[in-house]
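Trainee: I should like to learn how to read the features of a model one at a time. Could we take each general idea and then its case here?

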Amino acid sequence: GDFGEPNHVTYGTMLKACARLLPPGCSERSKWTKQIFEDCVSRGLVGDMVLGKLREAATNTEYKELMQGHSKRQLPDSWSCNVHEKSEYRRKVQNNNRRRAAV
């Protein structure tokens with residue numbers, strides 16, 4: 001399209017929208033979460049942000065199914081081969097966690 005190819009941020013943002021806008025347990029939320037994540041996997045764009053938002057959008061059962069037995073730390077290379085994630089998101093999460101720990 002006119003906006004270029006989607007990247008890991010595109011998919012993370014779409015999953016975030018599912019988590020925020022569709023009520024938990026509704027079939028539309030499950031359908032879109034699955035569709036977005038599977039498309040993301042097929043494009044090799046699964047990064048930390050996507051996995052974080054998948055956690056928010058999917059039920060525990062859906063998350064396990066979509067992860068196909070893989071852990072967050074040991075994903076198939078093909079799932080994340082096109083992620084060029086600057087460490088900004090990771091740093092932000094770590095800083096937030098540190099801040100929470102300090103409170």
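Mentor: Let us start with how elements are named. Helices are DSSP runs of H or I with at least four residues, numbered from the N terminus. On that basis, Asn7 is placed in the segment before α1. Please keep in mind that this is a predicted model.

Trainee: Is Asn7 buried or exposed, or does it fall in between?

Mentor: Burial is judged by relative accessible area: under 20% is buried, over 50% is exposed, and partly exposed lies in between. Asn7 counts as partly exposed because its relative accessibility is 35%. A polar atom of the Asn7 side chain lies 2.9 Å from the backbone nitrogen of Val9.

Trainee: How far apart are Asn7 and Val46 in sequence and in space?

Mentor: They are 39 residues apart in sequence, and 9.3 Å separates them in space, C-alpha to C-alpha. A second pair can be read in this way. Lys34, in helix α2, and Glu65 are 31 residues apart along the chain, with 9.5 Å between their C-alpha atoms. Lys34 counts as partly exposed, at 42% relative accessibility.

Trainee: Let us turn to charged pairs. How many salt bridges are there?

Mentor: The criterion is a side-chain nitrogen of Lys or Arg within 4 Å of a carboxyl oxygen of Asp or Glu. By this rule there are five salt bridges. One of them joins Glu5 to Arg43, with the closest N and O atoms 2.9 Å apart. Glu5 lies in the segment before α1 (8–21) and Arg43 in the loop between α2 (27–42) and α3 (48–57), so the pair ties together parts that are 38 residues apart in sequence.

Trainee: Which exposure class does each partner of that pair have?

Mentor: Glu5 counts as exposed, at 62% relative accessibility, whereas Arg43 counts as partly exposed, at 33%.

Trainee: Why might charged residues three places apart in a helix be worth examining as pairs?

Mentor: An α-helix has 3.6 residues a turn, so residues three or four places apart point the same way. Two pairs here can be read with that idea in mind. Lys31 forms a salt bridge with Glu28, the closest N and O atoms being 3.9 Å apart. These two residues are three apart in helix α2, a separation of about one helical turn. Lys31 is partly exposed, with a relative accessible area of 41%, and Glu28 is partly exposed as well, with 38%.

Trainee: And what is the pair in helix α3?

Mentor: There, Glu56 forms a salt bridge with Lys53, and the closest N and O atoms are 3.5 Å apart. Glu56 and Lys53 are three residues apart in helix α3, about one helical turn. Glu56 counts as partly exposed, at 40% relative accessibility, while Lys53 counts as buried, at 11%. Salt bridges can also share partners, and in this way Glu5, Asp39 and Arg43 are joined into one network.

Trainee: How many residues of α3 are buried?

Mentor: Seven of its 10 residues are buried, and α3 is thus mostly covered. The buried residues are Asp48, Met49, Val50, Leu51, Lys53, Leu54 and Ala57.

Trainee: What is the nearest side chain of opposite charge to the buried residue Glu62?

Mentor: For a buried charge, one looks first for a partner of opposite sign. Glu62 lies in helix α4 (residues 60–67). Glu62 is buried yet has no salt bridge, and the nearest side chain of opposite charge, Arg29, is 6.3 Å away. The Glu62 side chain does reach the backbone nitrogen of Thr59, at 2.9 Å. Apart from neighbours within four places in sequence, Glu62 is in contact with Ser30 and Ala57.

Trainee: Which residues line the largest cavity?

Mentor: A cavity is a space where a probe fits but cannot get out. There is one cavity of 30 Å³ or more, and the largest cavity has a volume of about 40 Å³. Its lining includes Arg29, Ser30, Ala57, Thr59 and Glu62.

Trainee: Finally, which backbone angle deserves attention at Gln68?

Mentor: Phi is the angle to inspect: Gln68 has a positive phi of about 50° although it is not a glycine. Gln68 lies in the loop between α4 and α5 (77–80) and is exposed, with a relative accessible area of 55%.

Key:
Residues are numbered from 1 along each chain as its sequence is written. This is a predicted model: local features need pLDDT of at least 70, side-chain atom pairs count only at pLDDT 80 or more; totals for chains, interfaces and linings use all residues. Side-chain values use heavy atoms; hydrogens and water are left out. Buried means under 20% relative accessible area, exposed over 50%, partly exposed in between (1.4 Å probe, protein chains only). Lys and Arg count as positive and Asp and Glu as negative; His and the chain ends are not counted. A polar contact is a pair of N or O atoms within 3.5 Å; within protein, one must be able to donate a hydrogen and the other to accept it, and residues adjacent in sequence count only if both atoms are side-chain atoms. Contact means heavy atoms within 4.5 Å. On a 1 Å grid over the protein atoms alone, a cavity is a set of points where a 1.4 Å probe fits but cannot get out, and a pocket is an open set with protein on both sides within 12 Å along at least five of seven lines; lining residues have an atom within 4 Å of a point. Grid points are joined across faces, edges and corners, and a volume is the space filled by probe spheres set on the points.
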